[in-house]
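Thanks for sharing this one; here are my notes, set out point by point. I hope they help as you turn the structure on your screen.

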Amino acid sequence: MSLEELRTQIDDIDKQIVELIADRSKLSGSIGELKKQEGRQVQDRLREEAVMGKIKEIAREKGLKQNDIELIFRQILIASKNMQETFVAFQGELGAYSEEAAINFFGSDIRLRPYETLEDVFKAVERDEAQFGIVPVENSIEGSISKTYDLLLDSSLKVCGETELRVSHCLISNHGVSLDSIKKIYSHPQALGQCQAFIKHLQCELVPTYDTAGSVKMIKEKRLMDGAAIAGKRAAVIYNMNIINCDIEDNPNNFTRFFVLSKEDAPPSGNDKTSLVFSVKHRAGALYEFLKQLADNGINMTKLESRPTRQKPWVYNFYLDFEGHRQDEKVNEMLKQLEEYTIFLKVLGSYPKAAQKSND
């Protein structure tokens, strides 16, 4: 067989390899779409390692160097995951706790887009700039994030997931800055409020900002040598800043719960929660009658709180979480019954329950 004939055969094989990679990428893209619909993590390390194990076994059987084949397939897996590209919107700068929560939920390969305000995060998903948004909804110390609940009331977006993040605050400065030289501390008002025991003896001016990580970015860009910021370790790493102290929050049991938003909520997983907002009719016992329906149907309520309607003084909406999915037959029937006791009722979404965190 001539050299040209051998080269022609190699060319044919190369063409087949590219076509097969293209077919694999299309299938990977379809998997990505299913994951988006179900609100599942894009990255699945267990699946990746299982695939790599099978590939290396085939390489061994064919007499090929397993390390060489692994290097090749790692690149193919990267290309395939790019077909599953998903953008997630979050509020704040790179290094914000919301960004960390998004990575915890979706995996480290997710594409993240920072926005200045919570309103911008909602708009980004509504306008298809991002497939998902992630927003803080409540903190175990400070309570609910009222702005998020107000936006959920007005938006058509659904809650398709939840995640919890352990919040560990650090005092961060430019390199070369000592603790006794700090005159101002910058951070989000909630973070400042959560570190009172640490900062009260410093006798520094507290300067509220719109974002924890944004405070770190600001003191770096302005080269503030008499200032520090309160934010997470990730922000210090991203902006190459100095961590003066870690774990400065007053209460170590400091967690923030985040909602994941999309245009559709998640399908039933068998371990779900449903969030809704409602307003009861103006009659004695109306709220009791509403809540009694949950008890009568064996539905476990996990949260209930009231918020002003913003339309009329001293009139309130109620935000409620309970265990179960709105597509469950029992829950679906109960939701129909609840309409009898309400002026209005809106299901914010059904989604898999977050794994419980601990501070151990």
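**Notes on the cavity and the two sheets**

1. Let me begin with the lining of the largest cavity: its residues divide into six nonpolar, one polar and two charged. Please keep in mind throughout that this is a predicted model. The residues that line the largest cavity are Tyr-149, Phe-259, Ser-275, Leu-276, Lys-303, Tyr-319, Leu-320, Asp-321 and Leu-348. Two elements, E12 and E14, each give two or more residues to this lining. Which element supplies the largest share of the lining? That is E14, with three residues.

2. How many cavities of 30 Å³ or more does a search of the whole structure find? The search finds one. The volume of the largest cavity comes to about 40 Å³.

3. E12 and E14 also belong to a sheet, so to speak of them again is natural here. What is the order of the strands in this open sheet of four? Reading across, the order is E13-E14-E12-E15, and the pairing is antiparallel. Strand E13 (301–308) and strand E15 (342–352) form the edges, each pairing on one side only. On average, neighbouring strands of this sheet are turned by 15 degrees against each other, direction ignored.

4. Within that sheet, have a look at the pair formed by E12 and E15. Strand E12, residues 272–280, pairs with E15 over nine bridges in the antiparallel sense. Opposite Phe-278 you will find Leu-345 in E15. Helix H11, residues 286–296, packs on the sheet and touches E12, E13, strand E14 (316–323) and E15. The direction of H11 makes about 160 degrees with that of E12.

5. The other sheet to look at is an open one of five strands, with mixed pairing and the order E8-E7-E9-E6-E10. Why do strand E8 (205–208) and E10 each have a side without a neighbour in the sheet? Both stand at the edges with a single partner strand, so one side of each is left without a neighbour there. Neighbouring strands here are turned by 30 degrees against each other on average, direction ignored.

6. Strand E6, residues 170–173, deserves a closer look. Are its residues buried or exposed? Both faces are covered: Cys-170 and Ile-172 on one side, and Leu-171 and Ser-173 on the other, are all buried. E6 runs antiparallel to strand E9 (residues 227–231), and three bridges join the two. Cys-170 has Ala-231 in E9 as its bridge partner. With strand E10 (residues 242–246), E6 pairs over four bridges, again in the antiparallel sense. Here Leu-171 has Asn-245 in E10 as its bridge partner.

7. E9 also pairs with strand E7 (residues 184–187), in the parallel sense and over three bridges. Tyr-186 stands opposite Ala-229 in E9. Helix H9, residues 212–221, packs on this sheet, where it touches E6, E7 and E9. The direction of H9 makes about 155 degrees with that of E9.

8. Finally, a word on the whole chain. It has 12 helices and 15 strands, and 46% of its 360 residues count as buried. The C-alpha atoms fill a box of roughly 95 × 65 × 40 Å, taken along the principal axes. Of the contacts in the chain with a separation of 6 or more, 76% are between residues 24 or more positions apart.

How values were computed
Residues are numbered from 1 along each chain as its sequence is written. This is a predicted model: local features need pLDDT of at least 70, side-chain atom pairs count only at pLDDT 80 or more; totals for chains, interfaces and linings use all residues. Side-chain values use heavy atoms; hydrogens and water are left out. Two strands pair if DSSP finds at least two bridges between them. Axes are lines fitted to C-alpha atoms, for helices over the stretch in contact, and angles run from 0 to 180 degrees between N-to-C directions. Contact means heavy atoms within 4.5 Å. Buried means under 20% relative accessible area, exposed over 50%, partly exposed in between (1.4 Å probe, protein chains only). On a 1 Å grid over the protein atoms alone, a cavity is a set of points where a 1.4 Å probe fits but cannot get out, and a pocket is an open set with protein on both sides within 12 Å along at least five of seven lines; lining residues have an atom within 4 Å of a point. Grid points are joined across faces, edges and corners, and a volume is the space filled by probe spheres set on the points. Ala, Val, Leu, Ile, Met, Phe, Trp, Tyr, Cys and Pro count as nonpolar, Asp, Glu, Lys and Arg as charged, and the others, Gly among them, as polar.
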